[in-house]
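Welcome! Take a moment to look over the sequence and the model shown here, and then we can walk through them together.

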Amino acid sequence: ILQDSLGTALQANRRYEEAVTAHTAATQLSPESPSFWLNLGLAAQGLALAEKNRTAADKAWATTRRALAR
């Protein structure tokens, strides 16, 4: 729960890359939690929309799709 809460706080401050890292840790610790996967997907979406580098944006979109599919 702490990693998910940290990710949510980071996301609220538009620190998307760090939020994705925190939410990824939360999903690894509790892979059965759908809300953790949703939060990862939303953070990755924020990162993809904010990212200027096309390759990094594509990677973030892939993370978004993978997380939301869970």
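Which residue forms a salt bridge with Asp58? The partner is Arg54, and the closest N and O atoms of the pair are 3.5 Å apart. Keep in mind as you read on that this is a predicted model.

## The overall fold

Let us step back to the whole chain. The protein has four helices and zero strands, so its elements, read from the N terminus on, follow the order α-α-α-α. Helix H1 covers residues 2-12 and helix H2 covers 16-29, helix H3 covers 34-50, and helix H4 covers residues 54-69.

How does the radius of gyration compare with that of a compact globule? For 70 residues, a compact globule would have a value near 11 Å, and the protein agrees with this because its own value is 11 Å. Along the principal axes, the C-alpha trace spans about 30 × 25 × 15 Å.

## Inside and outside

Of the 70 residues in the protein, 40% are buried. The protein exposes about 4600 Å², and carbon and sulfur atoms supply 55% of that area. Contacts also link parts of the chain that are well separated in sequence: among contacts between residues at least 6 apart, 36% join residues at least 24 apart.

## The nonpolar core

In soluble globular proteins, nonpolar side chains tend to be buried together. Here, the largest nonpolar core has 13 residues, and Val20, Leu40 and Leu47 are those with the most contacts inside it. The elements that give two or more residues to this core are H2, H3 and H4. Which element provides the largest share? That is H3, with six residues.

Leu47 gives a good view of how the core is joined up. Leaving aside neighbours within four places in sequence, Leu47 is in contact with Tyr16, Glu17, Val20 and Ala60. One of these, Val20, is itself among the core residues with the most contacts.

## Two salt bridges

Side chains of opposite charge can pair when their charged atoms come close. The structure holds two salt bridges. You have already met the one between Arg54 and Asp58. Both residues lie in helix H4, four residues apart, which is about one turn of the helix. Is Arg54 buried or exposed? Arg54 is exposed, because its relative accessible area is 64% and the exposed class begins over 50%. Asp58, at 35%, counts as partly exposed.

The other bridge joins the side chains of Glu18 and Arg15, with a distance of 2.8 Å from N to O. Both partners are partly exposed: Glu18 has a relative accessible area of 38%, and Arg15 has 42%.

## A loop residue and a surface patch

Now find Arg14, in the loop between helix H1 and helix H2. What is notable about the phi angle of Arg14? Its phi is near 60 degrees, a positive value in a residue other than glycine. Arg14 is also exposed, with a relative accessible area of 67%.

Elsewhere on the surface, Leu38, Leu42 and Leu68 make a nonpolar patch of about 250 Å². Leu68 is found in helix H4 and counts as partly exposed, at 46% relative accessibility.

## Pairs across the sequence

A few pairs of residues are worth locating in the 3D view. Leu2 lies in helix H1 and counts as exposed, at 72% relative accessibility. Leu2 and Ala22 are 20 residues apart along the chain, and their C-alpha atoms are separated by 8.9 Å.

Ala50, in helix H3, is partly exposed with a relative accessible area of 40%. How many residues apart along the chain are Ala50 and Glu17? They are 33 residues apart, with 9.9 Å between their C-alpha atoms. Finally, Ala62 in helix H4 counts as partly exposed at 25% relative accessibility. The C-alpha atoms of Ala62 and Gln45 are separated by 9.3 Å, and the two residues are 17 apart along the chain.

Definitions and conventions. Residues are numbered from 1 along each chain as its sequence is written. This is a predicted model: local features need pLDDT of at least 70, side-chain atom pairs count only at pLDDT 80 or more; totals for chains, interfaces and linings use all residues. Side-chain values use heavy atoms; hydrogens and water are left out. Patches are made of residues with over 30% relative accessible area and no salt bridge: like charges are joined within 9 Å, nonpolar side chains (Val, Leu, Ile, Met, Phe, Trp, Tyr) within 5 Å. Accessible areas come from the Shrake-Rupley method with a 1.4 Å probe; for residues, only the protein chains shown count as cover. A salt bridge is a side-chain nitrogen of Lys or Arg within 4 Å of a carboxyl oxygen of Asp or Glu. Buried means under 20% relative accessible area, exposed over 50%, partly exposed in between (1.4 Å probe, protein chains only). The radius of gyration is taken over C-alpha atoms; the globule rule is 2.2 Å times the number of residues to the power 0.38. Contact means heavy atoms within 4.5 Å. A nonpolar core is a set of buried Ala, Val, Leu, Ile, Met, Phe, Trp, Tyr and Cys residues joined through side-chain atoms within 4.5 Å.
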